[in-house]
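Let's take a walk through this one together. Have the sequence and the 3D view open while you read.

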Amino acid sequence: MCIHMCMCVHFALCTCKQTFAFVDHYLPHKDVLYDTLCSRQDYMTGKDFAGERVLVVGFGNSGVEIALDLVECGAKPDILMRSPVHMVPRWFTYTASLLFPVLLPLKPYLRPLLPYIKPDLIYYLVWGDLTKYNVRLRTSSLMDDIVRYHRAPVQDIGTMALIREGKVKVIPEEISHIDGFEVTFKDKSHEKYDSIILATGFNKGAGPYNDFLDADIVSGLVNEYGVVESGYESRAHRQLYFLGFSDFLGRLGEMGVEAQRVANDMQRKGYAKQ
């Protein structure tokens, strides 16, 4: 093993936020599925599944976009919705991105109001009754989820239209067991699929920084809501900053805002002169 050491005043490590797909729950089925199981990390194009019946596990942003791509490439996807989600149309994200720089400085003042902002009525006006499609929307505060838990809402770019047209079927039950190409769900129903794609998210506790930061620093990174705050000096260690961990409205846009804030903070505290 070759080890290189260097001395530097400032060090920027450009890693991703999460590294490992959260697939542990489905790994016991791996021996049964053979080559039919893949994770969202392995998914390249819907053309690889043309003509197949595909089960997409997970109704997050990756899952709904994969389902859309599969339909466009000639596959027949079902999508398993494991839990309720917040879902917004595409125009909402565009509008929110315009308001983001304005609302960001007001974050401390908005926090007390977050539990009282309920999406039920708004969702009904935007989507109507989705229960007949087996689509379940969260009743908790959308802004509470975004600001406190850094959970981005599902951004619909056309999948809901396919669900309404019957081109994508939503499965409301978790997988019970798999026998060859037949999947049995917890409500005892069963379907046959050629492939299964796991769009089940990532392990938030398995970031690449775990490999090189001291354990006592890593343990102090997350806040009371179990997430890493970015754009500010970390409370776990002096002169340690994270960018793009907020998941408010898209990481590239957030990183641009946060990078400027970090640079200003470093200059104000004199770090840039060291």
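Here is a look at its salt bridges, a buried acid, a ring pair, a surface patch and a few backbone points.

This is a predicted model, where local features need pLDDT of at least 70, side-chain atom pairs count only at pLDDT 80 or more, and totals for chains, interfaces and linings use all residues. Residues are numbered from 1 along each chain as its sequence is written, and side-chain values use heavy atoms, with hydrogens and water left out.

**Salt bridges**

A salt bridge here is a side-chain nitrogen of Lys or Arg within 4 Å of a carboxyl oxygen of Asp or Glu. The whole structure has seven of them. Three, with their N to O distances, are these:

| Positive residue | Negative residue | N to O distance |
|---|---|---|
| Arg53 | Glu191 | 3.2 Å |
| Lys269 | Glu233 | 2.4 Å |
| Lys269 | Asp265 | 3.2 Å |

Take Arg53 and Glu191, whose side chains meet in a salt bridge. Arg53 sits in strand β2 (residues 53-57) and Glu191 in strand β9, so this pair ties together parts that are 138 residues apart in sequence. Helices (H or I, at least four residues) and strands (E, at least two) are DSSP runs, numbered from the N terminus. Arg53 and Glu191 also belong to a salt-bridge network that includes Asp78 and Lys169.

Next, Glu233 pairs with Lys269. That bridge links distant parts of the chain, with Glu233 in the loop between α8 (215-219) and α9 and Lys269 in the segment after α9, 36 residues apart. How exposed are these residues? Glu233 is partly exposed at 21% relative accessibility, and Lys269 is partly exposed at 35%. Asp265, the other partner of Lys269, is buried at 13%. For these labels, buried means under 20% relative accessible area, exposed over 50% and partly exposed in between (1.4 Å probe, protein chains only).

**A buried acid without a bridge**

Which side chain of opposite charge is nearest to Glu258? That would be Arg261, 4.9 Å away, and Glu258 is buried yet has no salt bridge. (Lys and Arg count as positive and Asp and Glu as negative; His and the chain ends are not counted.) Glu258 is found in helix α9 (residues 251-268), and Arg261 is in helix α9 too. Arg261 is partly exposed, at 22% relative accessibility. Leaving aside neighbours within four places in sequence, Glu258 has contacts (heavy atoms within 4.5 Å) that include Ser230, Phe242 and Phe245.

**Rings**

There is one aromatic pair in the structure. The rings of Tyr43 and Phe49 have centres 5.8 Å apart and planes at 10°, so they are stacked. Rings of Phe, Tyr and Trp (its six-membered ring) pair if their centres lie within 6.5 Å; planes under 30 degrees apart count as stacked, over 60 as edge-to-face and the rest as tilted. Tyr43 is buried at 13% relative accessible area, as is Phe49 at 10%.

**Loops and a strand**

Two residues other than glycine are worth a look for their backbone. Asn134 has a positive phi near 65° and is found in the loop between α5 and α6 (142-149). Lys188 has a positive phi near 75°, in the loop between β8 (182-185) and β9 (190-192). Lys188 is exposed, with a relative accessible area of 70%.

Leu198, in strand β10 (residues 195-198), is buried at 4%. Its C-alpha atom is 8.0 Å from that of Gly63, 135 residues apart along the chain.
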